[in-house]
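Subject: Structure handover

Hi,

Here is the structure we talked about. Please load it first; my notes follow below.

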Amino acid sequence: MEELSMEFNTKYDIPATAAFIDSRGYCRIALQFPDELLKESVKIVTALKNELLSLGRNSESQPTGMERRVSHGAVQLYVMADTTYSSCCVDEVGAAHVNAECVVHYGPACFSPTSRLPAWFVFGKAPINVSSCAECLLEHLSTIDKPLLVLFSLDYAYAIGHLKEEVGSNSFTGSRLSTAINFAEVLCSAMDPTLPCVKSILRKDGEEALENDALYCDQPSGGTESNLSHELLAGLNQNESLKSSSEYRLGGLKWVLPGHQKMEDYMLVWIGEEGPAFSNVMLTYNACGVVRYDSVRNILVRNVPSQNRTLKRRYYLVERAKDADIVGIVVGTLGIAGYREAIYHLKKLIKGAGKKAYTFVMGRPNPAKLANFPECNVFVYLACAQTALLDSKEFLSPLITPYEAVLAFTRGSQWTGSYFLDFEKLVEPPEVVANNGCEETRFSFIKGSYVEDDTFPDDIDEKEERAIVLANTTQKALQLHENSVNSLTMKGIAKSGAEFLASRSYQGLEMGKERQPSYSYITGRSGKAWSYEEEVISDRLQRD
């Protein structure tokens, strides 16, 4: 039983999690679990309480502050499940309901930065045969002329150090083979938005740059403010070294390519199962060859499905979005830092393209929810990188990502093949200059003809817009139509939600325009249906 307990504590990082809570002095901790790990929540809470009690005892077995807080119930652990959006994101909204001071996140994580609460990540430990994986890497490396870049699912992060040693200690490995394998590493174990750090962002020219943002850091055991400042200065000094090397970050992983090498020069090896994280890697680096190591069968899967078909589908949705008149912004997160700024930039971008934008907050989108807004020709889904890509074939209107919205609503933009799912990497859209009616027509690949994009004046208010809509609707209603093909109710003709609603034959429950006469109320029948009280006894006998 003790051996089993030790294995359980190691799998879920119980000692490290308790040390993090103890070092920060947190008393209200929210434990966030995905659905598949919810069955382990009771055991994890019990193990954490026991570990916090053991950390609170000194050598003389006298109760310290932490032990007293745990014993007296001052340290509260709250289990969170069934998150509003995606389980890979830190649910700050749910944690705020219990006034939590930090969140311990279990399971797969997208590492989207938090805006208020610190977070500690526990990935778990998936089983893997390190020797078999090392042999597959070396064998595959000997058959190609490119170096390998090893990326992995976060639940295999604990084994990457052993995998490096296994590859480096292989007796038949030559100098070329041992140096031609580059391993990514975990970005951090903790995240604290209240501390400064150096974060890599994408500039307008496509190069990597550094800026101050939420701190990604490992467990700062005994870390002081001076140490953090020293680390910050050290990170700023690395800006010069980025000229000779490139740093990349994606999905909680980071790696550095030496010299002037690019991602296209590497063959990517993914360790783990297929899923949102794997799709994010393949779409972001779609110009690289990818193979996947299957830890269950201990083989290297070389025939990985290509993402060309997916990219063609996304490009088709971009062309459909260009012809849209009404755009809905579906907010898929309320906890990722910078989502408000992203909504503002999207609204500004859509308005500059001459389209009407509406914002919706509805949790996880599905076809039934979005079908309630048929006036929207396309939806922009603002979410984390691992949930932003939705298959919208069953939806009434397609869903696109913020990056695809930038391509669709920026006049003259061309897709170069690059792709991003993380909306944080998107820079502020350029200023759109009013065309004053002199803008050249645009060729629509969907309609097969040239079209002109309308623009909305900046100084129009809501009342004036309603008046214009009413006038246009009245004018079109007086026109004779031989059929309903050109009716305003046809999707794509209405330019705003108000115009679409005004053109519908059914607009919801409404009171009649003419005042109906009022009637005094009367008393109805009482009693049972077979014998009402006001009925005559003879009537009942005749009926019987």
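Which helix does L370 lie in? L370 is part of helix α13, residues 367-370. Before more detail, the ground rules.

This is a predicted model, in which local features need pLDDT of at least 70 and side-chain atom pairs count only at pLDDT 80 or more, while totals for chains, interfaces and linings use all residues. Numbering starts from 1 along each chain as its sequence is written, and side-chain values use heavy atoms, with hydrogens and water left out.

Helices (H or I, at least four residues) and strands (E, at least two) are DSSP runs, numbered from the N terminus. Buried means under 20% relative accessible area, exposed means over 50%, and partly exposed lies in between (1.4 Å probe, protein chains only).

**Around L370**

L370 is buried, at a relative accessible area of 4%. Its contacts (heavy atoms within 4.5 Å) are V330, M362, P365, F379, F395 and L399, leaving out residues up to four places away in sequence. Take F395 from that set. F395 and L370 are 25 residues apart along the chain, yet their C-alpha atoms are separated by 7.4 Å.

**Strand β13 and its neighbours**

β13 covers residues 290-294. The strand is mostly covered, with five of its five residues buried. V290, R292 and D294 point one way. V291 and Y293 point the other way.

Two strands count as paired if DSSP finds at least two bridges between them. On that basis β13 has these partners:

- β12 (residues 267-271) pairs with β13 in the parallel sense, over four bridges. Here I271 stands opposite Y293.
- β14 (residues 299-301) runs antiparallel to β13, joined by three bridges. Here Y293 stands opposite L300.

β13 and β14 form a hairpin with four residues between them. N298, in the turn, has a positive phi of about 60°.

On the β12 side, helix α10 (residues 276-284) completes a right-handed β-α-β unit with β12 and β13. Right-handed means that, with the strands pointing away from the viewer, the path from the first strand over the helix to the second runs clockwise.

**Salt bridges**

The rule is a side-chain nitrogen of Lys or Arg within 4 Å of a carboxyl oxygen of Asp or Glu. The count by this rule is nine.

What does R292 bond to in this way? E273 forms a salt bridge with R292, the closest N and O atoms being 3.8 Å apart. The pair links distant parts of the chain: E273 sits in the loop between β12 and α10, R292 in β13, 19 residues apart. E274 also forms a salt bridge with R292, at 4.0 Å between the closest N and O atoms. E274 lies in the loop between β12 and α10, so this pair ties together parts that are 18 residues apart in sequence. Shared partners join E273, E274 and R292 into one network.

Burial in that network: R292 counts as buried at 7% relative accessibility, whereas E273 is partly exposed at 40%.

Another of the salt bridges joins the side chains of E247 and R249, at 3.3 Å from N to O. E247 is buried, with a relative accessible area of 14%.

**Helix α11**

α11 spans residues 308-322, 15 in number. From first C-alpha to last it reaches 21 Å, close to the 21 Å expected (1.5 Å times one less than its number of residues). Its buried residues are L311, R314, L317, V318, E319, A321 and K322.

Best wishes
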